[in-house]
Amino acid sequence: MSRPAQQNPHGMKPVNLSDIWGDLSQGIQHIYSRQNMPKKRYMELYTHVYNHCTSIQHPTSAPAIRPKGKRAPANSASGGGAQFVGIELYTKLKEFLYGHLMAIRPQGEGLMGDLVLKFYTGVWEEYQFSSRVLNGICQYLNRHWVKRE
């Protein structure tokens with residue numbers, strides 16, 4: 001007999017990064033290839049990040065008993081669910097961006113003078129624009145995890 005999927009206090013099933021990363025990484029690749037993205041697709045990507053960040057289940061449902069006036073450390077089980085989610089997703093994003101930049105790098109090798117400046121100026125402007133779009137998609141992660149780090 002199968003057990004029902006565990007849900008968080010909000011009634012949502014936990015969303016594992018492995019469940020959403022394929023679609024999320026395709027969407028990010030779409031952004032960094034500077035293709036037009038419909039608003040609906042943008043919202044799907046934002047929703048992946050939001051659902052992943054908000055569906056976390058803490059390891060224990062019972063709050064830890066602490067002396068009066070003492071708070072749980074930021075990385076503890078009672079206060080750290082967001083940190084674990086954040087670091088996992090943040091690490092995947094960092095790896096994606098590193099791979100993207102390493103793929104661009106060979107295109108600029110061998111260029112000299114004005115050509116290298118034009119190439120990297122164009123790449124930098126495109127990267128900045130795409131990163132602003134990705135920043136919007138990851139706004140929930142930024143607001144609720146990056147500030148804590």
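The chain holds five helices and zero strands. Helices here are DSSP runs of H or I with at least four residues, strands are runs of E with at least two, and both are numbered from the N terminus. Along the sequence the pattern reads α-α-α-α-α.

This is a predicted model: local features need pLDDT of at least 70, side-chain atom pairs count only at pLDDT 80 or more, and totals for chains, interfaces and linings use all residues. Residues are numbered from 1 along each chain as its sequence is written, and side-chain values use heavy atoms, with hydrogens and water left out.

Of the chain's 149 residues, 30% count as buried. Buried means under 20% relative accessible area, exposed means over 50%, and partly exposed lies in between (1.4 Å probe, protein chains only). Contact means heavy atoms within 4.5 Å. Among contacts between residues at least 6 apart in sequence, 70% join residues at least 24 apart.

**Helices 1 and 2**

Helix 1 spans residues 17-32 and helix 2 spans residues 39-54; their axes come within 10 Å and cross at roughly 145°. Axes are lines fitted to C-alpha atoms over the stretch in contact, and angles run from 0 to 180 degrees between N-to-C directions. Helix 1 gives Leu 17, Ile 20, Asp 23, Leu 24, Gln 26, Gly 27 and Ile 31 to the contact, while helix 2 gives Arg 41, Leu 45, His 48, Val 49 and His 52.

**Helix 4**

Helix 4 covers residues 114-137, 24 residues in total. From first C-alpha to last it reaches 35 Å, close to the 34 Å expected at 1.5 Å a residue. That expected span is 1.5 Å times one less than the number of residues. Its buried residues are Phe 119, Val 123, Tyr 127, Ser 130, Leu 134, Gly 136 and Ile 137. Phe 129 is also found in helix 4. Its C-alpha is 8.7 Å from that of Tyr 32, although the two are 97 residues apart in sequence.

**Cysteines**

A search of the whole structure finds zero disulfides. A disulfide is a pair of cysteine sulfur atoms within 2.5 Å. Cys 53 is in none; the nearest cysteine sulfur, in Cys 138, is 8.3 Å away. That distance is too far for a bond.

The table gives the relative accessible area of three residues.

| Residue | Relative accessible area | Class and citation |
|---|---|---|
| Cys 53 | 15% | buried |
| Cys 138 | 6% | buried |
| Phe 129 | 38% | partly exposed |
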